[in-house]
Number of protein chains: 2
Amino acid sequence: MSNKKILIIGGVAAGPKTAARARRLDPEAQITILEKGKYISYAGCGMPFYLAGKIHDFDHLYSTSYGVKRDPDFFKSERGVEVFTGMEAIAIDRDRKQVIARHVDTGEEKVFDYDKLVLGTGSYPITPPIENLDLKGVYRLNHLEDAQLIKQALDAGEVNDVVVIGSGFIGMEAVDAIFSPRRTVTVVEFKETLLPGILDQDMGNLLYKSLYEQGLEGRFGEKVLKLEGEDGRVARVITDKGAIDADAVILAVGVRPNVQLAQAAGLTIGETGAIVVNEYMQTSDPDIYALGDCVENTHLLTGKKVFAPMATYANRQGRVVGDNVTGGQSTFKGVLGTGVLHCLGINVARTGLGEAQARALGYEVETIRVATFDMTHYHPNSNKILLKMIADKKTRRLLGIQGIGKGEVAKRIDVAATMIYYGGTLDDLLNIDLGYSPPYNTPIDPMVHTGMALKNKLEGVAVTYTPAEVKEKLDRGDDFILLDVRTAPQFNMRHIEDPRIQQLALGELRQKLDQVPRDKEIVTVCVMGSRAYEASRILQGAGFTNVKFMEAGMEGWPYDMDEF
Amino acid sequence: MSNKKILIIGGVAAGPKTAARARRLDPEAQITILEKGKYISYAGCGMPFYLAGKIHDFDHLYSTSYGVKRDPDFFKSERGVEVFTGMEAIAIDRDRKQVIARHVDTGEEKVFDYDKLVLGTGSYPITPPIENLDLKGVYRLNHLEDAQLIKQALDAGEVNDVVVIGSGFIGMEAVDAIFSPRRTVTVVEFKETLLPGILDQDMGNLLYKSLYEQGLEGRFGEKVLKLEGEDGRVARVITDKGAIDADAVILAVGVRPNVQLAQAAGLTIGETGAIVVNEYMQTSDPDIYALGDCVENTHLLTGKKVFAPMATYANRQGRVVGDNVTGGQSTFKGVLGTGVLHCLGINVARTGLGEAQARALGYEVETIRVATFDMTHYHPNSNKILLKMIADKKTRRLLGIQGIGKGEVAKRIDVAATMIYYGGTLDDLLNIDLGYSPPYNTPIDPMVHTGMALKNKLEGVAVTYTPAEVKEKLDRGDDFILLDVRTAPQFNMRHIEDPRIQQLALGELRQKLDQVPRDKEIVTVCVMGSRAYEASRILQGAGFTNVKFMEAGMEGWPYDMDEF
């Protein structure tokens, strides 16, 4: 207990969390939050649901779970924390341990003393070099005020042809929020697929296939050059490949850490551009802590510094800083880049390293893609999911996993993240006791099943091509047989259109081995991969020497979209 | 590759899984399955969903995910595995490496040679010492034929007043399957609460409250003595406490391992009554493997042997045995007793040790109960869950967790099971990178949040009573103030009826400290526990020396049911 002055700059997520924890641990400390905006302690992540009309009352975005608005009065009465909104910190005087702040409306300056200073200054949206961003109808989705502006436009019927620039988490959450049969929604992405850097390209392509089938338009590898307007309002998006009509544009090309204040005060800034902190969340000045979107994190697998502005880190770090500014020694060790997204009924999740990331870091990588059901296939609620697992050949350590599908993927990614935290290997998987009951799981969890498939691959029992590799072989004109082992009716519904394809149902294969040529490479294929694997083992067992199966089956095949 | 003879006794889950894996690894082995029943490779776990009408076609219970019936023809053509149904193994001749079997209809005997023998003989339902179990209308739910009988009776309108004897997983799955507003369903449990040994008593009570509110009748600590019939049909269940009208009775008092064959062959049987196997799933005869419901398992936390007949173990062990009978060296290390159940819209899950189990084993146990939302509270799909966590005070290791609620609990229990597998402690929790997005999670996952609360308790920051302890204090007549810190309208909706209760909203507490007596013990209470915790910290900070809060709030309070 003390009369310690704890001063917190930033009142969105990291700051209030720090204040709440510090208050519980030190009832006598003077805790003050300075926030330059109008709202504090708000749920930025809830904005898409407000736009989608799933949260009707704007106030819910900054209310407690028991329905009380988290405004300065609440912080005063319930938390004993003094909050100044509209108060922008403009300088830190580290020698005097003071922060100079200015009221954004009145311009009045005010000096705040501190014993411990906490920087939760957050991030700001990147402004890309696009002409005419000041046209009416151009939005961002970073602050509550942004959400209000878009909601007003939606309600006024001003949002019909929407272009979302950027397909990271915020861009795709915006898509999910505003997508409707009454609107055309187009995503323009500079990189080659959706969620670049979050999903590997093959997974991004499959996600896009699912969304495209619902009506989303994607334009990839395309750079927005300028906006064109009519009467001051946006009318067209001009890219290096053409023009897209638009009466609304949402800019979501990412964020950068807000570090001006820290930098001006001489605190160390890292190579990621964010504030450097140790595992106690202390900056280079031991009396100044920083957390949330303005700091860099350590990747738990690689040990490298990363900029990973995620709400969960801000909240978890808030607890750590709350402990430490009141005399504790809590640590935040790092991140795995776990992320999860719901978009147009499709669940997307990932953790750890992607395939491309892992290869770039020099790992000897093996991967597998498995399509399966998220619970027993006979249960009426079962849905398909597709998982891609990435492991290190040498150590057999799990490096990463990505999942998409209508079915449950978030659970599997959380389990994988836990495994990766403990350095888990493929050999642990079968022994981890995950819960099974038909409404929740398959008897062997899909993530475990995927790991078993990857083990099979590492041990030479499963010899595969990825769908991308099969596509390449087809395009290259390789001479091989694509043996589709589904039944004829299933084959007739949808199959790869190519003269090299041959249908022969798995159930007949053992009897009709003479119909399969022995002098050619055979690639088996089915709907989700399991029958193709079975068929490959039958053929290999029967002495066929050049047999592979296509991972994930037709579920993993996006190439029959018009787009490819 | 070989001409090895792999003989498998039992064709439900463990056996066929073993056969499938062995076949993929050894295309030349002669693989044979003997099954005394009519059906093979069926989804026993799916029976409740068939009864509930959620699976319309009985055949789906033994079909592949791609719609093919798993009958002997399927095993022959797709798997190259010979299956004999209606074929009961009656003796093992270990010297000659032969199994003598008899056809259940014809009585014809047949001798099968083996190089490697696999026992997947499963379990059989316990027949309790109850008179007149042979009356019409008395069912079990262990085999497909049982499910067909019940379904016929349901369809014929013969099932109106149902008594389920036993409230383990199978009993509660039966309840979920047949519950309907048109039926009265009563569960009679010899122990003190639902799911005894699976849930701790306090959690079982809370589950019962949720089900009771929907119309389920529970009778606990009550022993069924006999059934009474009319015209050969069950009419009443007579217990040591009274009679219950019933036109249908489902017996679900547990199962025992089928070990006669193994025992007669001189294989070692463990103290649990099940077959002893090593981590390669080998019995005391290295050429004989056993798996599934007939073997005992090692508990991964305690190292003790347990009988845990769960479908997921049978399936996972099948893979291990499939590896090992074809020359591999795979291991199944043990179990954590993870279980998950869906009953009348309530999710139930548990892993590791329960509080009572952990105490009985001599651990220095600390526990916490936390009520919270399964995702951001402002999301329209959010639901409440209640988690109870059990940890070892000395090592801070997580020992177990149990969860119930309308919201998502299975995910949290899977993550906890993964942590326990790796020996995780409460101090790891905040650093495990679980995915967050409003439709999936709270910024700090509920399981992590629960662990933080338990850390607070271990470190003296949170000083609590459990709801059961508060109930005891009230009943004992202790002199204390039960300070309900919700708002007056929330308080008026539902609160603990007692003269010792006082309402004072958290938001006014700091200003109205003089209304709280300093000479009495104060126990704060709210709806889910968080405001009560906050209030306890305010009071402790203001110099009140005898303050505790009630864990989990009114969400954790089952005692205002008529029953208590």
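This is a short guided tour of the structure, to be followed with the viewer open.

Start with the whole model, which is predicted and scores ipTM 0.96 and pTM 0.97. Then select chain A and colour it by confidence: its mean pLDDT is 96, and 99% of its residues reach 70 or more. As you look for any residues that fall short, keep in mind that where pLDDT is low, the predicted coordinates should not be read in detail.

Next, show chain A and chain B together. Which turn lays chain A on chain B? A turn of 180° does so, with a shift of 0.0 Å along the axis and an RMSD of 0.0 Å, and that is the relation of a two-fold axis. Now select the residues of chain A that are in contact with chain B: 100% of the interface residues of chain A are also interface residues in chain B, so the two copies meet through the same surface.

For the last stops, turn to the cysteines. How many disulfides does the structure hold over all chains? There are zero, and two residues help to show why, given that a disulfide requires a pair of cysteine sulfur atoms within 2.5 Å.

Select A:Cys45, which counts as partly exposed, at 23% relative accessibility. The closest cysteine sulfur to that of A:Cys45 is in A:Cys343, 16 Å away, and this is too far for a bond.

Then move to A:Cys294, which is buried, with a relative accessible area of 0%. For A:Cys294 the closest cysteine sulfur belongs to A:Cys45, and since the distance is 16 Å, it too is too far for a bond.

Note on methods:
Residues are numbered from 1 along each chain as its sequence is written. Chains are lettered from A and ligands numbered from 1 in the order in which they are written. This is a predicted model: local features need pLDDT of at least 70, side-chain atom pairs count only at pLDDT 80 or more; totals for chains, interfaces and linings use all residues. Side-chain values use heavy atoms; hydrogens and water are left out. Copies are superposed by least squares on the C-alpha atoms of residues with pLDDT of at least 70 in both. Contact means heavy atoms within 4.5 Å. pLDDT is the predictor's confidence in each residue, from 0 to 100. Buried means under 20% relative accessible area, exposed over 50%, partly exposed in between (1.4 Å probe, protein chains only).
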